[in-house]
Amino acid sequence: MERNIMVAGFGGQGVMVMGKLLSNAVCDSTTQNVTFFPSYGAEQRGGTANCYVVISDEPVGSPMSDTVDDLVIMNGPSLNKFLGKLKPGGILFINNTIVKDAVSRDDVAIVKAPVTDISLELGNPKVLNVIMLGVYIGYTGILSEELMLATILGQLGKKASLLELNKTAFARGLEIGKAAKGK
Amino acid sequence: MKRTFMKGCEAIAEAAVRSGCRFFAGYPITPQNEIPEYFARRLPEVGGQFVQGESEVASISMVYGAAQTGTRAMTSSSSCGISLKSEGISYCASAHVPIVYANISRGGPGVGTIQPAQQDYFQATKASGNGGFRMMVFAPSTVQEAADMTYAAFDYAQRDRNPVLILADGVLGAIIEPVVLPPMRPDEEVSAMKKAQRSWALVGHDPAKEPRSFIEPGHWSIQEQEQSCKDNAALYDSWEKDAQEESLMIDDAEIVIAAYGISGRIARSAVSLLRKDGVKVGMIRPKTVSPFPEKAFDKLNYKRVKAILDVEMSIPAQMVYDVRLAVKDRCPIETCLRSGGEVIRREEIIASVRALSKA
């Protein structure tokens, strides 16, 4: 089994951090092979940023793929640019606070979550990636909630004040992901 | 075994420190900046020295100087930066100064692109500077190999008193994956390794008690220079035993892929998928591209092998010349190539193998 995931959005939305947290949790809590590969070049806040995560039982060959099983879209330009990469039957996660365009495919599952709105409601726009990670784990269940949260808090919880915020953000995402799965 | 989730560049730097590296000098260039960044933070913790030089030439020259004291020393750069360092690398080879350096290479000649490629094969294996010197060149295809090879590279460098190159690319520098790090050598062992270099190193000898050391990158006498070239040639010949490769599913293979580094790992997953489909394909993946693992190609059954498929992220192909020397016209050799920063697709390799398999 090999699962290819892409996360894409604006620089500053924590796209890389979301990919890193997910892949780091796989490394920490399983014996599976996993790679994280960032786009690199003239990346900057407000520009586009994306990363690939590959999780596999066998050694990972290419850390990036032309087609992905899961596509996480945080902004409008990324939807247009990367929707074609999603395999038929794949899962599309959308930050629908920002992404208002209709999705031009009916052969994929679509999970919408207003992660920017929720992050503002929680008082810190930076946690939108942790919310989306919650949505992703809640929907796919590829890792247990506890193991994912342990890595999030291990990596992002160095300031005590941020511990609760990240916990809450992850929990809010989980709710949305699970509810979407239940439908 | 504890798995650490680490970026290729950082694993190279950490493995170097664990192997006893206590000096690094470098100059920024994408996609290898995480190597100096990591050393800048890490070396002071172990009593080492980090210098960001004012240029590539300055930093390789500092490494040349530091290594002359028997200290394990390293530099890194990318493609065009490596070209700038080639004068100093040639000096190290001529003066028998052991250093380790890494090329996290990019796409194309000149400045090229900053994206991953394997365009520096000839430079790495044939002519890393003037004067016809050779080096051992390791080509990791995973972060684990990058760490293990860097750790071992310092031992080979000091064994031979010659530079050793880690030849990687932008993918391997930027990728993060699990790695089991090699053990940290204790301070006493690092000091002992340095003391073991005393006979030749510039550490302050009392001329009344022991011979003085003298290091220079050239010779005033023609005879001495010729003898030095002969000694070097003998050293290079001795590396045949050090050639390393991974031979995968070659016993019944009809098509054999030859690929190294990043192309090698992508080709491996292509082999795995093709085998599930019943295609008799195997792979020889050089882990050292200098010395080139020629003998691995002698183990192939050329009555069965229809073709070798050389897979590289280089246009034109470069490793294919070494493959030709190893195959000795015993079967046709085809290529499957990408470059410029395009990472080769598994699907492209699969399609090339299928085409050859049906031919």
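Both R265(B) and E177(B) are buried. In this predicted model, R265(B) and E177(B) form a salt bridge, with the closest N and O atoms 2.9 Å apart. R265(B) belongs to helix α10 (residues 261-276) of chain B and E177(B) to strand β9 (residues 176-179) of chain B, so the salt bridge ties together parts that are 88 residues apart in sequence.

## Salt bridges

Side chains of opposite charge can pair when their charged atoms come close. Over all chains, a search of the whole structure finds 34 salt bridges. The table lists some of them.

| Pair | Closest N to O distance |
|---|---|
| R265(B) and E177(B) | 2.9 Å |
| R172(A) and E121(A) | 2.9 Å |
| R18(B) and E14(B) | 2.7 Å |
| D322(B) and K126(B) | 2.8 Å |
| E58(A) and K276(B) | 2.5 Å |

In chain A, the side chains of R172(A) and E121(A) meet in a salt bridge. This pair links distant parts of the chain, with R172(A) in helix α6 (residues 160-182) of chain A and E121(A) in helix α3 (residues 115-121) of chain A, 51 residues apart. Are these two residues buried or exposed? R172(A) counts as partly exposed because its relative accessibility is 24%. E121(A) has a relative accessible area of 55%, so it is exposed.

In chain B, R18(B) forms a salt bridge with E14(B). Both residues lie in helix α1 (residues 8-19) of chain B, and because they are 4 residues apart, about one helical turn separates them. E14(B) has a relative accessibility of 2%, so it counts as buried. Which residues does E14(B) touch, not counting those up to four places away in sequence? They are M6(B), Y38(B), R42(B) and L181(B).

Salt bridges can also share partners. One network formed in this way joins D66(A), R338(B), E342(B), R345(B) and E348(B).

## The two domains of chain B

Chain B is divided into domain 1, residues 4-195, and domain 2, residues 243-358. In the contact, domain 1 of chain B takes part with 29 residues and domain 2 of chain B with 28 residues. The C-alpha centres of the two domains of chain B lie 27 Å apart.

The size of an interface is often given as the accessible area lost when the parts come together. For domain 1 and domain 2 of chain B, the area buried between them is about 2,300 Å², and 49% of it is on carbon and sulfur atoms.

How many salt bridges are counted between domain 1 of chain B and domain 2 of chain B? The count is 3 salt bridges. There are also 19 residue pairs in polar contact between these domains, both residues being at pLDDT 80 or more. On the side of domain 1 of chain B that touches domain 2 of chain B, the elements that give two or more residues are β6 (113-116), α5 (121-125), β7 (136-138), α6 (143-160), β8 (164-169) and α7 (170-174) of chain B. By class, this side of domain 1 of chain B has 16 nonpolar, 8 polar and 5 charged residues.

## Where chain A meets chain B

The contact between the chains takes 24 residues from chain A and 26 residues from chain B. Chain A and chain B bury about 1,900 Å² between them, with 55% of that area on carbon and sulfur atoms.

Between chain A and chain B, 3 salt bridges are counted. E58(A) and K276(B) form a salt bridge, their closest N and O atoms being 2.5 Å apart. Across this interface there are 10 residue pairs in polar contact, both residues being at pLDDT 80 or more. On the side of chain A that touches chain B, α1 (15-29) and β2 (33-38) of chain A each supply at least two residues. The residues on this side of chain A divide into 11 nonpolar, 9 polar and 4 charged.

## A buried methionine in chain A

M148(A) is part of helix α5 (residues 145-156) of chain A. Its relative accessibility is 0%, so M148(A) counts as buried. Leaving aside neighbours within four places in sequence, M148(A) is in contact with L21(A), L22(A), A25(A), L133(A), I137(A), L143(A) and F170(A). M148(A) and D28(A) are 120 residues apart along the chain, while their C-alpha atoms are separated by 9.3 Å.

Note on methods:
Residues numbered from 1 in each chain as written. Chains lettered and ligands numbered in written order. Predicted model: local features only at pLDDT ≥ 70, side-chain atom pairs only at ≥ 80, totals over all residues. Heavy atoms only, no water. Domains from an automatic or database assignment. Contact = heavy atoms within 4.5 Å. Buried area = accessible area lost by both parts, 1.4 Å probe. Salt bridge = Lys/Arg side-chain N within 4 Å of Asp/Glu carboxyl O. Polar contact = N/O pair within 3.5 Å; in protein donor to acceptor, adjacent residues only side chain to side chain. Nonpolar A, V, L, I, M, F, W, Y, C, P; charged D, E, K, R; others polar. Buried < 20%, exposed > 50% of the residue type's maximum accessible area, 1.4 Å probe, protein only.
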